Amino acid sequence: MAGLTAMMITETMHKAHLLLDQVKQMESVRELRVVPTDVALLGVESSKDEGKPRNNLKPTAQESKVIASGMDLVETGRDGKGSYLLVIRPTKNVKKYLGKNCLECHDADENAVLGVISMKISLNQVDAAAADFLWKNILVSGLSALLMLGLLGFGIRRFQQRVIGGEP
């Protein structure tokens, strides 16, 4: 979001797709969407410029719920590509957002939802690391238990030899 805000301040938002494409190239990011609402474009002169690419994404059902409620959505799920973390955050028309006063540019009520940022992050590496950690713990626990049983058996045998064998 900070990168997009910097682009807004420097009036290079027409190149936002380049930043978003770079983020999408990250291995862990499965999906990234910046979905504006109609409110986001009201009163913003730069959004009216002809020839600039427009973000015409339509919100998904989950994104629509976040737009309507103004509340974050965070959930995990699993699909054909594995497990993931889905985070959808609303962007609101506020006086102070990443060093910028959104109210100066957007002709909308304060706290109106201007859009959402939706990101689906792969948890496959996390799942693999957790499974690896589990097996290592099982191995270490098993070896520790065998070592303790061995020491306990050795101690019992020494005690029996002293008691039965008459050793001092």
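Lys120 lies over the face of Tyr84, and the distance from the ring centre is 4.4 Å. This placement comes from a predicted model. Aromatic pairs are absent here, as the count comes to zero.

**The chain as a whole**

The chain has 168 residues, and buried residues make up 23% of them. Its secondary structure comes to five helices and four strands. Read along the sequence, these elements follow the pattern α-α-β-α-α-β-β-β-α. Among contacts with a separation of 6 or more, 57% are between residues 24 or more positions apart.

**The sheet**

Four strands form an open sheet with the order 1-4-3-2 and antiparallel pairing. Strand 1 (29-36) and strand 2 (73-79) are the edge strands, and each of them pairs on one side only. On average, neighbouring strands of this sheet are turned by 15° against each other, with direction ignored. Helix 4, which covers residues 61-69, packs on the sheet and touches strand 1, strand 2, strand 3 and strand 4. The direction of helix 4 makes about 35° with that of strand 3.

The table lists the strand pairs of the sheet.

| Strand pair | Sense | Bridges |
|---|---|---|
| Strand 1 and strand 4 | antiparallel | seven |
| Strand 2 and strand 3 | antiparallel | seven |
| Strand 3 and strand 4 | antiparallel | nine |

Single bridge partners can be named for each pair. Val29 has Ile121 in strand 4 as its bridge partner. For Asp79, the bridge partner in strand 3 is Gly82. Leu86 is matched with Lys120 in strand 4, and Lys120 is also the residue over the face of Tyr84. Strand 2 is joined to strand 3 by a hairpin, through two residues.

**The nonpolar core**

In soluble globular proteins, nonpolar side chains tend to be buried together. The largest nonpolar core in this model has six residues, namely Val35, Val66, Tyr84, Leu86, Ile88 and Val116. Strand 3 (residues 82-92) gives the largest share of this core, with three residues. Tyr84 therefore belongs to a set of buried residues, while its ring face has Lys120 over it.

Val116 can be followed further through its contacts. Leaving aside neighbours within four places in sequence, Val116 is in contact with Arg33, Val34, Val35, Glu63, Val66, Ile67, Ile88, Arg89 and Pro90. Of these contacts, Val35, Val66 and Ile88 are also listed in the core.

**Arg30**

Arg30 has its place in strand 1, one of the edge strands. Is Arg30 buried or partly exposed? Its relative accessible area is 22%. Buried means under 20% and exposed means over 50%, so Arg30 counts as partly exposed.

Not counting residues up to four places away in sequence, Arg30 touches Asp79, Lys81, Gly82, Ser83, Tyr84, Lys120 and Ser122. Among them are Asp79 and Gly82, which are bridge partners. Tyr84 and Lys120, the ring and the residue over its face, are also touched by Arg30. Arg30 and Leu123 are 93 residues apart along the chain, and their C-alpha atoms are separated by 9.9 Å.

Note on methods: Residues are numbered from 1 along each chain as its sequence is written. This is a predicted model: local features need pLDDT of at least 70, side-chain atom pairs count only at pLDDT 80 or more; totals for chains, interfaces and linings use all residues. Side-chain values use heavy atoms; hydrogens and water are left out. A nonpolar core is a set of buried Ala, Val, Leu, Ile, Met, Phe, Trp, Tyr and Cys residues joined through side-chain atoms within 4.5 Å. Buried means under 20% relative accessible area, exposed over 50%, partly exposed in between (1.4 Å probe, protein chains only). Contact means heavy atoms within 4.5 Å. Rings of Phe, Tyr and Trp (its six-membered ring) pair if their centres lie within 6.5 Å; planes under 30 degrees apart count as stacked, over 60 as edge-to-face and the rest as tilted. A charge sits over a ring if NZ of Lys or CZ of Arg is within 6 Å of the ring centre and within 35 degrees of the ring normal. Two strands pair if DSSP finds at least two bridges between them. Axes are lines fitted to C-alpha atoms, for helices over the stretch in contact, and angles run from 0 to 180 degrees between N-to-C directions.
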